[in-house]
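Q: Could you walk me through how the pockets of a protein model are read, one feature at a time?

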Amino acid sequence: MYYAALPPFQIHDTVYAPVDTVYPGPGFGVAPYLSPWYPGWSVWGGPFPYRGGYYDSYGTAFQRVALPSGDMVEKALPEGVLSPGGRITGYLYFEHVEDTRRIDFVAHLVDGGTGEEFGAVEVPFVVD
């Protein structure tokens with residue numbers, strides 16, 4: 001079975017993400033159990049009791065995000081030609097993978113001038 005890489009403009013879905021928050025000042029560590037909702041923030045490494053009676057009455061604020069998000073498009077690896085010595089980074093997006101536990105990512109390397117394949121990159125993945 002082959003799964004194609006997708007341009008981000010072909011991804012149409014909606015996800016829910018935590019509402020963007022302002023970054024705190026230096027020296028603040030967020031409670032460990034709140035760290036998934038504050039990515040990129042420093043996490044307090046000491047003891048911090050969870051007060052379920054208080055927090056269970058509140059919900060984390062979420063917002064609906066239509067895909068592709070601006071961030072997905074901005075960070076996507078575009079199709080193109082990499083010159084000798086060049087470098088580029090970015091994300092690749094793929095079709096949804098179903099009914100498999102293992103899949104291999106294969107990229108065929110092709111000379112931009114001749115169209116001749118000169119190598120391939122293979123990376124095995126385990127699908128959760």
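Q: How many residues of each class does the lining of the second largest pocket have?
A: Ala, Val, Leu, Ile, Met, Phe, Trp, Tyr, Cys and Pro count as nonpolar, Asp, Glu, Lys and Arg as charged, and the others, Gly among them, as polar. In this predicted model, the lining of the second largest pocket has 13 nonpolar, two polar and two charged residues. The model is predicted, and totals for linings use all residues, while local features need pLDDT of at least 70 and side-chain atom pairs count only at pLDDT 80 or more. Residues are numbered from 1 along each chain as its sequence is written, and side-chain values use heavy atoms, with hydrogens and water left out.

Q: How much space lies in the second largest pocket, and which residues are the closest to its centre?
A: A pocket is an open set of points on a 1 Å grid over the protein atoms alone, where a 1.4 Å probe fits, with protein on both sides within 12 Å along at least five of seven lines; lining residues have an atom within 4 Å of a point. Points are joined across faces, edges and corners, and a volume is the space filled by probe spheres set on them. Here the space is about 530 Å³, and of the 17 lining residues, Tyr3, Phe94, Ile103, Asp104 and Phe105 are the closest to the centre.

Q: Which element gives the largest share of the lining of the second largest pocket?
A: Strands are DSSP runs (E, at least two residues), numbered from the N terminus. Strand 5 gives the largest share, six residues, and strand 6 (117-126) also gives two or more.

Methods:
Helix = DSSP H or I, 4+ residues; strand = E, 2+ residues; numbered from the N terminus.
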